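Reader: I'm new to this one. Can you walk me through it?
Author: Sure. Have a look first.

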Amino acid sequence: VEKVSVDGAGERGYGVGAFSGATLDLSNARVEDVTVAGVWGFAATIALDRVDVRRVTGGKGTVIDAKGNPVGEPLTGLADGLLATSNASVTVSKMSVSSVARAGILFNASKGSIANVVASDNAYGLVLQGDPRPTVDASSAFTNNREKDRLDDAGLSVPNRPPAKPTAPP
């Protein structure tokens with residue numbers, strides 16, 4: 001998956017996503033040149049094995065209500081290699097994440113496991129916020145990131161709803 005840009009409103013620039021009860025198994029894959037998130041799990045179950053995420057440059061997301069209507073101003077500065085939110089369950093094995101504008105990996109109130117992961121040249125290597133949290137195996141390396149290699153409870157903004165369903169082109 002590559003070169004996924006945002007729509008006219010500056011949203012939906014994620015490479016691969018699973019939302020609201022969905023299950024995603026992704027292996028032997030590369031996601032690169034996206035804007036909001038390389039892989040995004042929102043209240044979903046995801047298994048990643050041998051996945052490479054590169055160059056997530058930044059975008060924004062709109063908070064929507066239960067009827068799909070925008071609420072408030074868009075969240076800006078979203079740019080994460082792996083974004084796990086809203087009690088997602090994500091298992092990560094043998095993943096590399098690099099050149100991401102914000103967090104290489106960000107778990108926000110989500111569970112799972114992280115093993116054999118390398119995250120470098122991101123603003124932050126690994127960010128863990130809220131509970132539950134994933135287990136992080138000692139085989140993972142979060143090094144040479146621009147701001148901090150690991151950050152706990154940073155309060156980074158994350159969407160509180162999955163993205164709106166895309167519409168088919170005319």
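**A chat about T85 and its surroundings**

Author: Start with a side-chain pair. The side chains of T85 and W40 make a polar contact, at 3.4 Å. Keep in mind that this is a predicted model.

Reader: Where does T85 sit in the fold?
Author: T85 belongs to strand 8, which covers residues 80-85.

Reader: Is T85 buried or exposed?
Author: Buried. The relative accessible area of T85 is 1%, and buried means under 20%, so T85 qualifies.

Reader: What is T85 in contact with, leaving aside neighbours within four places in sequence?
Author: W40, G41, F42 and A43, for a start. N108, S110, V158 and P159 are also in contact with T85.

Reader: Okay, new topic. Which residues touch the most other members of the largest nonpolar core?
Author: L48, L82, M95 and I105. That core has 31 residues.

Reader: Which elements give two or more residues to this core?
Author: Strand 2 (14-19), strand 3 (23-34), strand 5 (45-56) and strand 8 do. So do strand 9 (89-100), strand 10 (103-108), strand 11 (111-120) and strand 12 (124-129).

Reader: Back to L82. What is L82 in contact with, beyond neighbours within four places in sequence?
Author: L82 is in contact with V39, L48, V90, V92 and M95. G104, I105, L106 and F107 are in contact with L82 too.

Reader: And what lies apart from the largest core?
Author: Another core, of 16 residues. V36, L78, L151 and V158 are among them. V158 came up before, as a contact of T85.

Reader: Now the backbone. What is S86's phi?
Author: Near 55°. That is a positive value in a residue other than glycine. S86 is in the loop between strand 8 and strand 9.

Reader: How accessible is S86?
Author: S86 is partly exposed, at 28% relative accessibility.

Reader: What about A109's phi?
Author: Positive as well, near 50°, and A109 is not glycine either. A109 is found in the loop between strand 10 and strand 11.

Reader: And why does A109 count as partly exposed?
Author: Because its relative accessible area is 23%, and partly exposed runs from 20% to 50%.

Reader: Last one. Which residues does the cis peptide bond join?
Author: D131 and P132, with omega at about 0°. P132 lies in the loop between strand 12 and strand 13 (135-136).

Methods: Residues numbered from 1 in each chain as written. Predicted model: local features only at pLDDT ≥ 70, side-chain atom pairs only at ≥ 80, totals over all residues. Heavy atoms only, no water. Helix = DSSP H or I, 4+ residues; strand = E, 2+ residues; numbered from the N terminus. Buried < 20%, exposed > 50% of the residue type's maximum accessible area, 1.4 Å probe, protein only. Polar contact = N/O pair within 3.5 Å; in protein donor to acceptor, adjacent residues only side chain to side chain. Contact = heavy atoms within 4.5 Å. Core = buried A, V, L, I, M, F, W, Y, C linked by side-chain atoms within 4.5 Å.
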